[in-house]
Amino acid sequence: IHVVTWNVASAAPPLDLSDLLQLNNQNANLDMYIIGLQELNSGIISLLSDAAFNDSWSSFLMDTLSPLGFVKVSHMRMQGILLLVFAKYQHLPYLQILSTKSTPTGLFGYWGNKGGVNICLKLYGYYVSIINCHLPPHISNNYQRLEHFDWILEMQTFQGQDIPNILDHDLIIWFGDMNFRIEDFGLHFVRESIKNRRYSDLWEKDQLSIAKKHDPLLREFQEGRLFFPPTYKFDRNSSNYDTSEKKRKPAWTDRILWRLKRQPQAGPHTPGLPAPDFSLSQRSYGSYMMYTISDHKPVAGTFDLELKPLLSAPPIVLMPEDLWTLENDLMVSYSSTSDFPRSPWDWIGLYKVGLRDIHDYVSYIWVGDNEVSFSDNLNQVYIDISNIPATEEEFLLCYYSNNLRSVAGISRPFQIPLFSLREDPLGEAQPQI
C-alpha cells in the first residue's frame, strides 16, 4: 500500500508524478494507492465544475494509474480536502466500501476548509478506516489541533449500520497536513540542523512527538522516523525555505500515522499466543523535494500489509467462456455464494481493460431486467453489444452489488469476436468477423 499526502496549495497537477507514485521503482510491487490532498482549488467556479466532472487531480491520477491496472474504487471530498483510494482490479471483489464521511471543523464545525474526510472499507473481511485531515495552522494553536484530532475521531460513528466503532477497526491510516510545528528552537538553529541533516536534534520539540508521549489515544498511533527534511514552508517553484518577511520556521506539518487494533497481551496464562492474522509494517517514509508547485513538499509511505483472508472467494464468479450465442448479444453466466444479498439494482458492466473507475463502462445492464435463466447456483443474462465497434482491445466484466456498494465479481480479460452483416453485390447478406 502506497500512501501519499500533499498540501497542493490550489496548484494544478504537475506534468509528472512518477517518483512520488513509485512508478519507476521496479521493486515497489504495489496493490493499492491511498492519496490525500489538501487545499485543492475550492473556489465556487472550481467546486461547481468538479461537481459535474472529475477534478483535475482525480483525472490526472486516474489517467496515470489506470494503464497500470489500478481502478479508483472510492473518493471523498470536502471543499479543498480530497481522499482517493485505488486498487488493482483483481482485488475489487474483496474490497467493500462501507461508508464515506466528512467532518468539518473550520468556523466552529460549519466550514469544511479544515477537518477530515474518511473512507471506511472492508478489505478481505477486515475493517480498515482511512482518514485524510487538515488541522489548524500556526505554532500557538497546538491545543486546538489536538482538540480537532479528537473531534474528528469521535465523529467517526456509523449509526444504523453494522460497522464496529472505529477504535475496533483492524487498521486506521490517518494522515494529512496536521500542521504540528517545532517549538522553542529558533529559526537559525532549525535551519542549521536541517542543513547538516541533524534531524534528531529537532525531534524532541516536534509538537506531534511531544503529544504522543502524553495523549493516551495518540500514543496508540505509530509513525515512521522523521529521517527527511521538514516539509513546510517553501518558496513556490523552489526548494528554498520561506524567504518572505514572515520567514516561517520549517516544520514537519505533513504526516502519516497508523494504528493497529489492540492484540491480546501475552501473560503467564497465555504464554503461546499465535502470530497475528493481520499485520502492517512500513517499508519507507519520506518527502519528495523535487516537486515545487506548492509551499509544501509531498510525503509518502509504503507499507506491507500481511493478512490471512477472511474472505477467500469472491461473492460472484463471472464466466466469459462460451459467451457467444447470439449475433448482437453477449451471454454472461455467473454464479453466486449462497448468502449473497441480491438486489434488483445490481448491474453488470462491460469495460475495456484499463478502466479508470467503476463508472467507466462501455455498456451495462440491470441484472434482473436482462436475466435469461437461473438455477440454484447459475444465472445467465445478456448484454447488447451491437453498438460496440469492432476492436482487438480486451474487455472484462464487473458485477456491481447495490447492497454491498462495491464490485462483487470480476471476469478475466477477453476479446469480443463481433459479427456484422454487410450486403454483397448480389444482394445477399454475408457474415463478416
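Me: What volume does the second largest pocket have in this model, and what makes a residue part of its lining?
Reply: In this predicted model, the second largest pocket has a volume of about 400 Å³. A residue belongs to a lining if one of its atoms is within 4 Å of a pocket point, and 17 residues line this pocket, with Val73, Ser74, Ile358, His359 and Tyr400 lying nearest its centre. Strand S3 (70-78) gives the most to this lining, with five residues, while S5 and S19 each supply at least two.

Me: How do you know which domains contribute to the lining of the second largest pocket?
Reply: The lining of the second largest pocket draws at least three residues from domain 1 (2-307) and at least three from domain 2 (316-415). By kind, its residues divide into nine nonpolar, five polar and three charged.

Me: Where does the largest pocket lie with respect to domain 1 and domain 2, and why?
Reply: Domain 1 (2-307) and domain 2 (316-415) both give residues to the lining of the largest pocket, and therefore the pocket lies between them. About 530 Å³ of space lies in the largest pocket, and of the 27 residues that line it, Gln96, Leu98, Lys122, Leu311 and Leu404 are the closest to its centre. Strand S5 (95-105) and strand S19 (406-410) are the elements that give two or more residues to this lining, and S5 gives the most, with four residues.

Me: Why is the aromatic pair of tyrosine 199 and tryptophan 252 called stacked, tilted or edge-to-face?
Reply: The planes of tyrosine 199 and tryptophan 252 stand at 75 degrees to each other, and because angles over 60 degrees count as edge-to-face, the pair takes that name. The centres lie 6.5 Å apart, which satisfies the requirement of lying within 6.5 Å. Tyrosine 199 lies in the loop between helix H5 (187-195) and helix H6 (200-203), and tryptophan 252 in the loop between helix H7 (207-214) and strand S9 (254-260), so the pair ties together parts that are 53 residues apart in sequence.

Me: Why does tyrosine 199 count as buried or exposed?
Reply: The relative accessibility of tyrosine 199 is 9%, and because buried means under 20%, tyrosine 199 counts as buried. Tryptophan 252, at 0%, also counts as buried.

Me: What makes lysine 297 count as lying over the face of phenylalanine 234?
Reply: Lysine 297 lies at 4.8 Å from the ring centre of phenylalanine 234, which meets the distance condition of being within 6 Å. A direction within 35 degrees of the ring normal is also required, and lysine 297 is classed as lying over the face of that ring.

How values were computed: Residues numbered from 1 in each chain as written. Predicted model: local features only at pLDDT ≥ 70, side-chain atom pairs only at ≥ 80, totals over all residues. Heavy atoms only, no water. Phe/Tyr/Trp six-rings, centres within 6.5 Å; stacked < 30°, edge-to-face > 60°. Buried < 20%, exposed > 50% of the residue type's maximum accessible area, 1.4 Å probe, protein only. 1 Å grid on protein atoms, 1.4 Å probe; cavity = no way out; pocket = protein on both sides within 12 Å on 5 of 7 lines; lining within 4 Å. Points joined across faces, edges and corners; volume = space filled by probe spheres on them. Domains from an automatic or database assignment. Nonpolar A, V, L, I, M, F, W, Y, C, P; charged D, E, K, R; others polar.
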